[in-house]
Amino acid sequence: MTVQDVRSFNRFYTNVIGALDYGRRLYAPYTLTESRVLYELAHAPRTDAADLRTQLHLDAGYLTRILNKFEEDGLVERGPSDTDPRRRRITLTAPGREAAALLDERARETVGAMLDTVRAEDRPRLAQAMRTVRTILGDGDGDGDGGRGAPRPEDVVLREPAPGDLGWIVQRNAALYAAEYGFDADYEGLVARIVADYAEDHDPHLERTWIAELDGRPVGCVMCVRDDAPGAARLRLLLVEPDARGLRIGDRLVGALVDFAREAGYREVVLWTNDILGAARRIYRRHGFVLVAEKPHHSFGQDLTGQDWRLDLHATPG
């Protein structure tokens, strides 16, 4: 392989995905770099400017100009970092989230149209070829092969659900709980009703769903919905795929939900779970939830012990 081979491939691929074709309005009115900054802010909503500069390998002055433009347009807000007052935290405003969502939708439509031209029997080869390129040219993992190695927590992004993701939540909950705990179809029916209620009528200012994505596929989820009790949000349907566990995805999903609930003005977050879900209960405890009640019950074809947990959002962390 020569340098010319790589450059030729780069020209081919940027043309295929339309990265340089601004006539298609894929990124308009933003440049490709500006669109990437919006994407990163949308998927890591509490990012420091220094971390963003390092992650994207951007010149400090160039990134500052982009963020100044975004702030003037009302897309971002800047404030002191939670961890270091010398740093500046960047968060998207509601118009910023809308802009990022529009760009993401355009990108998905463009890639979807490209994949529509690929024969079904060729798609596995294409996916494997892409994984090979990423593995060989990714960050070195110290074993001398130049590959990225096992997935890392930073490879996971949290995003809002795309078309089909809500159906994925139902399917994966039903399949995983059947395989791991022997739950029957009653559980699938419960999850389907929860998801359907959310899809048909939810307030985006008070309710939200997060999808954890790794290598372009969903590997986790959680939902925040209004509870019947005034001032309470309810955590529902936390799930992490078995092959993605160990990357602190559950912690990040619950942390994102708690941050959202606090910023939305809720006074508490509540949840109901079962005592057999040990990993989930450890996550809840780490985030300050406390067990307030438990009761045996027979549901989903199993004898279980249901538990109610609560997080006081006004309590001082101890």
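In this predicted model, helices H2 and H5 cross with a left-handed sense. H2 covers residues 32-43 and H5 covers residues 94-116; their axes come within 9 Å and cross at roughly 115°. That angle puts H2 roughly perpendicular to H5, because the perpendicular class runs from 65 to 115 degrees. On the H2 side, the residues that meet H5 are Ser-35, Leu-38, Tyr-39 and Ala-42, and their partners in H5 are Gly-96, Ala-99, Ala-100, Leu-103 and Asp-104. Sorted by class, this contact of H2 with H5 comes out as 6 nonpolar, 2 polar and 1 charged residue.

H2 also packs against H3, here at an angle of about 125° and with the two axes 11 Å apart. The pair is therefore oblique, and its crossing is right-handed. Arg-36, Val-37, Glu-40 and Leu-41 are what H2 brings to this contact, while H3 answers with Leu-52, Gln-55 and Leu-56. The class split for H2 with H3 is 4 nonpolar, 1 polar and 2 charged.

Moving along, H3 (residues 49-56) has a contact with H4 (residues 60-72) as well, with axes that come within 10 Å and cross at roughly 120°. So H3 sits oblique to H4, and the crossing is right-handed. From H3, the contact takes Ala-49, Leu-52 and Arg-53; from H4, it takes Ala-60, Leu-63 and Leu-67. No polar residues turn up in this contact of H3 with H4, which divides into 5 nonpolar and 1 charged. Leu-52 is thus a residue that H3 uses towards H4 and also towards H2.

Now for the empty space. The second largest pocket has a volume of about 760 Å³. It is lined by 36 residues, and the closest to its centre are Tyr-177, Leu-238, Leu-239, Leu-277 and Ala-280. Several elements share the job of building the lining: helices H7 (165-181), H8 (185-200), H9 (249-263) and H10 (278-286), plus strands E7 (232-240) and E8 (268-274), each supply at least two residues. E7 gives the most, with 7 residues. By class, the lining of this second largest pocket holds 24 nonpolar, 5 polar and 7 charged residues.

Note on methods:
Residues are numbered from 1 along each chain as its sequence is written. This is a predicted model: local features need pLDDT of at least 70, side-chain atom pairs count only at pLDDT 80 or more; totals for chains, interfaces and linings use all residues. Side-chain values use heavy atoms; hydrogens and water are left out. Axes are lines fitted to C-alpha atoms, for helices over the stretch in contact, and angles run from 0 to 180 degrees between N-to-C directions. Helices (H or I, at least four residues) and strands (E, at least two) are DSSP runs, numbered from the N terminus. Angles under 35 degrees count as roughly parallel, over 145 as roughly antiparallel, 65 to 115 as roughly perpendicular and the rest as oblique. A crossing is left-handed if the near helix is turned anticlockwise from the far one by less than a right angle, and right-handed if clockwise. Contact means heavy atoms within 4.5 Å. Ala, Val, Leu, Ile, Met, Phe, Trp, Tyr, Cys and Pro count as nonpolar, Asp, Glu, Lys and Arg as charged, and the others, Gly among them, as polar. On a 1 Å grid over the protein atoms alone, a cavity is a set of points where a 1.4 Å probe fits but cannot get out, and a pocket is an open set with protein on both sides within 12 Å along at least five of seven lines; lining residues have an atom within 4 Å of a point. Grid points are joined across faces, edges and corners, and a volume is the space filled by probe spheres set on the points.
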